[in-house]
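Visitor: Please bring up the model, and let us walk through it by question and answer.

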Amino acid sequence: MSTGWWLSGGWLKATTVPLSLCLLTQLSSCVRTEIRHVDTTPSPIPAALLADCPVPDIPEPFTWGDSLVLNERLLTSLLTCNNDKAAIRESEKIRNNGRHKDNRIE
C-alpha cells in the first residue's frame, strides 16, 4: 500500500461507513419498547388448605390415659391447621407481590 492512500483521506472514507453502521445499531438498541400488562385471574387457593381441620373424637368412658392421647391428637390437629394458615398467608403474599410488581410504572 502506498502512503498517499493514508494521507489522501481514503482511509478515513473507508472506515467511516462501517463505524457509522455500528453506531447506528447501538443507537437503535436503546429504543424503548412499549410494555403492556395483561390482566389475569388470580389462581385459587388449593382446597386442601381450606378444608376443615379434623377434630378428634372423645372416647367414652374418658380416662386419664385417654386424656394424654386426646391432647396429642388435638396438638397435632392444631399444628396442621397452623401450617395450612401459614401456607395460605405465603400464597397471598406471593399473589400480592405479583400485583404490586405489575402496578409499578416503568
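Visitor: How many helices and how many strands does the protein chain have?
Guide: This is a predicted model. Read along the sequence, the protein chain follows the pattern α-α-α-α. The count is four helices and zero strands.

Visitor: What percentage of the protein chain's residues count as buried?
Guide: Buried here means under 20% relative accessible area. The protein chain has 106 residues. Of these, the share that counts as buried is 9%.

Visitor: What share of the exposed area do carbon and sulfur atoms supply?
Guide: The protein chain exposes about 9700 Å². Carbon and sulfur atoms supply a share of 63%.

Visitor: Which residues form a disulfide?
Guide: A disulfide is a covalent bond between the sulfur atoms of two cysteines. A search of the whole structure finds one. Its sulfur atoms lie 1.4 Å apart. The cut-off is 2.5 Å, so the pair qualifies. The partners are C53 and C81.

Visitor: How many residues apart are C53 and C81, and where do they lie?
Guide: The pair links distant parts of the chain. C53 sits in the loop between α3 (47-50) and α4 (64-103). C81 belongs to helix α4. Their separation in sequence is 28 residues.

Visitor: Is C81 buried or exposed?
Guide: Take the partner beforehand: C53 has 27% relative accessibility, so C53 counts as partly exposed. For C81 the relative accessible area is 13%. The limit is under 20%, so C81 falls within the class. C81 is buried.

Visitor: Which residues does S77 contact, leaving aside its neighbours within four places in sequence?
Guide: S77 is found in helix α4. Its relative accessible area is 9%, so S77 is buried. One of its contacts is C53, the loop cysteine of the disulfide. The full answer is C53 and P54.

Visitor: How far apart in space are T80 and C53, C-alpha to C-alpha?
Guide: T80 also has its place in helix α4. At 36% relative accessibility, T80 counts as partly exposed. T80 and C53 are 27 residues apart in sequence. In space, their C-alpha atoms are separated by 7.5 Å.

Visitor: Which residue forms a salt bridge with K93?
Guide: Side chains of opposite charge can pair when their charged atoms come close. The structure holds two salt bridges. In the one with K93, the closest N and O atoms are 4.0 Å apart. The partner is E90.

Visitor: Why are K93 and E90 separated by about one helical turn?
Guide: Both residues lie in helix α4. K93 is partly exposed at 48% relative accessible area, and E90 is partly exposed at 39%. The separation is about one helical turn because, along helix α4, K93 and E90 are three residues apart.

Visitor: What is the distance between the closest N and O atoms of E92 and R95?
Guide: E92 and R95 both lie in helix α4, three residues apart, or about one turn. E92 is partly exposed, with a relative accessible area of 25%. The two form a salt bridge. Their closest N and O atoms are separated by 3.3 Å.

Visitor: Which residues does a cis peptide bond join?
Guide: Most peptide bonds are trans. In this cis bond, omega is about -10 degrees. P61, one of the two residues, lies in the loop between α3 and α4. The bond joins E60 and P61.

Notes. Residues numbered from 1 in each chain as written. Predicted model: local features only at pLDDT ≥ 70, side-chain atom pairs only at ≥ 80, totals over all residues. Heavy atoms only, no water. Buried < 20%, exposed > 50% of the residue type's maximum accessible area, 1.4 Å probe, protein only. Areas by Shrake-Rupley, 256 points an atom, 1.4 Å probe, with all protein chains shown as cover. Salt bridge = Lys/Arg side-chain N within 4 Å of Asp/Glu carboxyl O. Contact = heavy atoms within 4.5 Å.
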